[in-house]
Amino acid sequence: ADLIRSGLQIYGLVNEVQGKNHAKVKQKGRNNAAAVSQKGAGNYGLVYQRGRGHQATLSQAGRDNALGVFQFGRRGNVDVTQVGSGEVGLVFQGGW
């Protein structure tokens, strides 16, 4: 869990994500959609979409949560919510 959190924090620093919460959405392809909602402090959220037709929503409430969503191929769909403190997660989706 600490390794994932640290990796997302480093990614945020390298990509100049600033503020009390940190969110990054990176998309390559067509017809992709992503939304990130954060409340609290020290949360890190990353959505990476490559391909087409992906949908992702990420909601974080609390402190020091970290989540990375990675979608490849076509038509991935994910909705993730983290509530509380110190929650960590990774989601990988592929569809062809």
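## The three-stranded sheet

In this predicted model, strands β2, β4 and β6 form an open sheet in that order, with parallel pairing. The edge positions are taken by β2 (33-41) and β6 (77-85), each of which has a single partner strand, so one side of each is left without a neighbour in the sheet. On average, and with direction ignored, neighbouring strands of this sheet are turned by 0 degrees against each other.

Strand β4 (residues 55-63) is joined to β6 by 9 bridges, and the two run parallel. Within this pairing, Gly62 stands opposite Gly84 in β6. Thr81 is also part of strand β6. The C-alpha atom of Thr81 is separated by 4.7 Å from that of Ser59, although the two residues are 22 apart along the chain. Thr81 has a relative accessible area of 57%; residues over 50% are called exposed, so Thr81 is exposed.

## The four-stranded sheet

A further open sheet has 4 strands in the order β1-β3-β5-β7, again with parallel pairing. Here β1 and β7 (88-95) stand at the edges with a single partner strand each, so each has one side without a neighbour in the sheet. The average turn between neighbouring strands of this sheet is 0 degrees, direction ignored.

The pairings can be followed across the sheet. Strand β1 (residues 22-30) and strand β3 (residues 44-52) run parallel and are joined by 9 bridges; Val25 has Val47 as its bridge partner in β3. Another 9 bridges join β3 to strand β5 (residues 66-74), also in parallel, and here Gly51 has Gly73 as its bridge partner in β5. Strands β5 and β7 pair in the parallel sense over 8 bridges, with Ala66 matched to Val88 in β7.

## The chain as a whole

The protein has 1 helix and 7 strands. Read from the N terminus, the order of elements is α-β-β-β-β-β-β-β. Of its 96 residues, 36% are buried. The accessible surface comes to about 5600 Å², and carbon and sulfur atoms account for 49% of that area. Among contacts with a separation of 6 or more, 10% are between residues 24 or more positions apart.

## The nonpolar core

Which residues make up the largest nonpolar core? The core has 8 residues: Val47, Ala56, Leu58, Leu67, Val69, Val78, Val80 and Val91. The elements β4, β5 and β6 each give two or more residues to this core. In soluble globular proteins, nonpolar side chains tend to be buried together.

Ala56, one of the core residues, shows what surrounds one such position. Leaving aside neighbours within four places in sequence, Ala56 is in contact with Ala33, Ala34, Ala35, Val47, Gln49, Val69, Gln71 and Val78.

## Aromatic pairs

The whole structure contains 2 aromatic pairs. In one of them, the ring centres of Tyr48 and Phe72 are 5.8 Å apart and the planes are at 50 degrees, so this pair is tilted. Tyr48 lies in strand β3 and Phe72 in strand β5, so the pair ties together parts that are 24 residues apart in sequence. Tyr48 counts as buried at 15% relative accessibility, whereas Phe72 counts as partly exposed at 32%.

Phe70 and Phe92 form a stacked pair, with 5.1 Å from centre to centre and 15 degrees between the planes. Because Phe70 lies in strand β5 and Phe92 in strand β7, this pair ties together parts that are 22 residues apart in sequence. Phe70 is buried, with a relative accessible area of 17%, while Phe92 is exposed, with a relative accessible area of 58%.

## Two loop residues with positive phi

Asp64 is not a glycine, yet has a positive phi of about 55 degrees. Asp64 sits in the loop between β4 and β5. With a relative accessible area of 37%, Asp64 is partly exposed.

Arg75, also not a glycine, has a positive phi of about 55 degrees and is placed in the loop between β5 and β6. Is Arg75 buried or exposed? At 62% relative accessibility, Arg75 counts as exposed.

How values were computed. Residues numbered from 1 in each chain as written. Predicted model: local features only at pLDDT ≥ 70, side-chain atom pairs only at ≥ 80, totals over all residues. Heavy atoms only, no water. Buried < 20%, exposed > 50% of the residue type's maximum accessible area, 1.4 Å probe, protein only. Contact = heavy atoms within 4.5 Å. Areas by Shrake-Rupley, 256 points an atom, 1.4 Å probe, with all protein chains shown as cover. Pairing = 2+ DSSP bridges. Axes fitted to C-alpha atoms, helices over the stretch in contact; angles between N-to-C directions. Core = buried A, V, L, I, M, F, W, Y, C linked by side-chain atoms within 4.5 Å. Phe/Tyr/Trp six-rings, centres within 6.5 Å; stacked < 30°, edge-to-face > 60°.
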